[in-house]
Amino acid sequence: MEKNYDVIVVGAGHAGCEAAAAAANLGSKTLLITMNMNAIAQMSCNPAMGGVAKGQIVREIDALGGYSGIVSDKSAIQFKMLNRSKGPAMWSPRTQNDRMMFSNIWRLKLEETPNVDFWQDMVTELIIEKGICKGVKTQIGVEFKAKAVVLTNGTFLNGLIHIGEKHFGGGRAGDKPSTGITEQLVSFGLTSGRMKTGTPPRVDGRSLDYTKMEEQPGDEKPSKFSFSDTKPLYKQRSCFITYTNDEVHDILRTGFEKSPMFTGRIQGLGPRYCPSIEDKIVRFSERERHQLFIEPEGWDTVEIYVNGFSTSLPEDVQYKAMRLIPGFEHAKMFRPGYAIEYDFFQPTQLINTLETKAIENLYFAGQINGTTGYEEAAGQGIIAGINAHQKANELDAFVLKRDEAYIGVLIDDLITKGTTEPYRMFTSRAEYRILLRQDNADVRLTPLSHQLGLATDEMLKKVEKKNEQVNNIIKQFDETSLIPEEVNTYLESQNSSTIKQKVKASTVVTRPNITIAEIIKNSKSLSKSLADTNEDVLEAAEILMKYNGYIAREKEVADKMMRLENIKIYDNIDYKSLTSLSAEAVEKLSRIKPTTLGQASRISGISASDISVLMIHMK
């Protein structure tokens, strides 16, 4: 049995899998330790990947050479590009996934990765000598040595599951908690805290009446996450929408006196942007109903995930209330929802490589850092895995800046601001989101990753080819003139002004509702050379032509943001009067009262758009 490794990764969730794959693909001899080999990359909560800002992170992981995008594509049962009605900075890919398939494909990908070994066991202690992490000890007494260790314990550190008045140890339903590590790390001076998250009931899809719900099909022309040759879906499963009502809320209220959240048994803070149904009833008491997304768990299962109905109320209350939801009158429950409390460590105790300040060669990634979501965890995982390899091999650290990636924003937010509640990524957290689009993640990150040796030569050649094609399209649009008889019919159909003489194609494509594909179709000279061009390449060229001015302006704003530290905020400002501020910004700015815009920008939950509102208000 091998006992010495370059990198050891503890935990095989989304962070751990990406960390192990990255370190191994860079050439480190890597050991992945998990308590359950049958739950590798388990989707412990909803069976989906991506979403607003999260989809950008998955594409960034793929561009760096990670596996999340590939696995998501291969296990997808539905694809949607969210926010298509908004600008391209907001477009966010999302897949609904087959839960079992997702986990199986991840395991196969890791088993096919040279340099990855596996060990099923619980890590109960770190081997630390003179402030340097040298390895781990497991529950059965085995010691493994390593040059770097990555902890990705998820919700397992002293995990405690709550259902009504019942509570018991667990990292998730059916799995025991991980013990010992928190206490040891605290003894070395690290500060820990408690957080909570929750999950809704799972129900039997055969018992639901979908005729009483609104069908939500996938995109007519589904795309995909990965820049590799994974295939888009040719068939999809629909999700559905239904709503709670006053009767449902009344039944749920009968369980509040037994709710661990309201009785004080749960000490940890839950995610602000994914509250439990009982929390929503209290916080938004004026609302008569709350939206629920009914999500299938896979191709060949009847199990349904009731997204939006997360709860830790007693199971009988959950069941009675659920049966009053339209379409759920005869619902059968597979298992009740529950809340889980777990230990985390304030991420301000890390440097930008995700290495701990207190213990050298020890890295944290995922929910141990106070984040929530598979995507945020995976994004941290790949960076921690890369840097563990770099440190183990005495190579330079790899850090993504805020203007390079959402992953850079995520990590900078965590280590600079810390968090008192589970951190979730949003587009509004990125001040350079026009630069950090989902379509250009490969252009931004693959060259950087290739320099490390993680992104392959083939990946880099694809990016170079894409850049060449995009530049060629822009050049042709700049040089080609459109004539009225070719394009006026199309322009009229889009309620756009017709042209009376020859006009450069590049000026027409910048108009609202005018697409590059239709301009090519209606121009003989363009269609001859560009008719067979890949849709992704066309989209990238169109975005650059349409938003060139916005991109230049954003770079200008970036320079201004660097000077925030010297701008004082007067102390009598009434934040409630600034209606463009988010509710979270009003609450935290009023409570913390920052003295400079720089300080305000580092408060957790204050977005770049909030700072822009303050800048405008202060002229």
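**Entry 1: an aromatic pair**

I looked up F364 in this predicted model and found a relative accessibility of 1%, so I entered F364 as buried, the limit being under 20%. I then turned to F345, which also counts as buried, at 1% relative accessibility.

I next asked how many aromatic pairs there are. The count comes to seven. For the pair of F345 and F364, I noted ring centres 5.6 Å apart and planes at 45 degrees, so I recorded the pair as tilted. F345 belongs to strand β19 (residues 338–345) and F364 to strand β20 (residues 362–364), so this pair ties together parts that lie 19 residues apart in sequence.

I also noted one aromatic cluster, formed by Y5, W119 and F144.

**Entry 2: helices α1 and α10**

I wished to know at what angle helix α1 and helix α10 cross. The axes of α1 (residues 14–25) and α10 (residues 374–392) cross at roughly 30 degrees and come within 7 Å. I therefore described α1 as roughly parallel to α10, since angles under 35 degrees count as such. I recorded the crossing of α1 past α10 as right-handed.

I then listed the residues that make the contact. From α1 they are H14, A15, E18, A19, A22 and A23. From α10 they are Y374, A377, A378, G381, I382, G385, I386 and H389. I sorted the contact of α1 with α10 by class and obtained nine nonpolar, four polar and one charged residues. As background, I noted that an α-helix has 3.6 residues a turn, so residues three or four places apart point the same way.

**Entry 3: helices α12 and α13**

I turned to helix α12 (residues 441–452) and helix α13 (residues 457–479), whose axes come within 9 Å and cross at roughly 145 degrees. Is the crossing of α12 past α13 left-handed or right-handed? I found it to be left-handed.

On the α12 side, I listed D442, V443, T446, P447 and H450. These meet D457, M459, L460, V463, K466 and N467 of α13. I divided the residues of this contact into five nonpolar, three polar and three charged.

**Entry 4: helix α14**

I asked which residues of helix α14 (residues 484–493) are buried. They are P484, E486, V487, N488, Y490 and L491. I then looked for what covers them, and my list includes β21 (481–482), α15 (505–508), α16 (516–522) and α17 (524–530). Finally, I noted that N495, just after α14, takes a positive phi of about 55 degrees.

How values were computed. Residues are numbered from 1 along each chain as its sequence is written. This is a predicted model: local features need pLDDT of at least 70, side-chain atom pairs count only at pLDDT 80 or more; totals for chains, interfaces and linings use all residues. Side-chain values use heavy atoms; hydrogens and water are left out. Axes are lines fitted to C-alpha atoms, for helices over the stretch in contact, and angles run from 0 to 180 degrees between N-to-C directions. Helices (H or I, at least four residues) and strands (E, at least two) are DSSP runs, numbered from the N terminus. Angles under 35 degrees count as roughly parallel, over 145 as roughly antiparallel, 65 to 115 as roughly perpendicular and the rest as oblique. A crossing is left-handed if the near helix is turned anticlockwise from the far one by less than a right angle, and right-handed if clockwise. Contact means heavy atoms within 4.5 Å. Ala, Val, Leu, Ile, Met, Phe, Trp, Tyr, Cys and Pro count as nonpolar, Asp, Glu, Lys and Arg as charged, and the others, Gly among them, as polar. Rings of Phe, Tyr and Trp (its six-membered ring) pair if their centres lie within 6.5 Å; planes under 30 degrees apart count as stacked, over 60 as edge-to-face and the rest as tilted. Buried means under 20% relative accessible area, exposed over 50%, partly exposed in between (1.4 Å probe, protein chains only).
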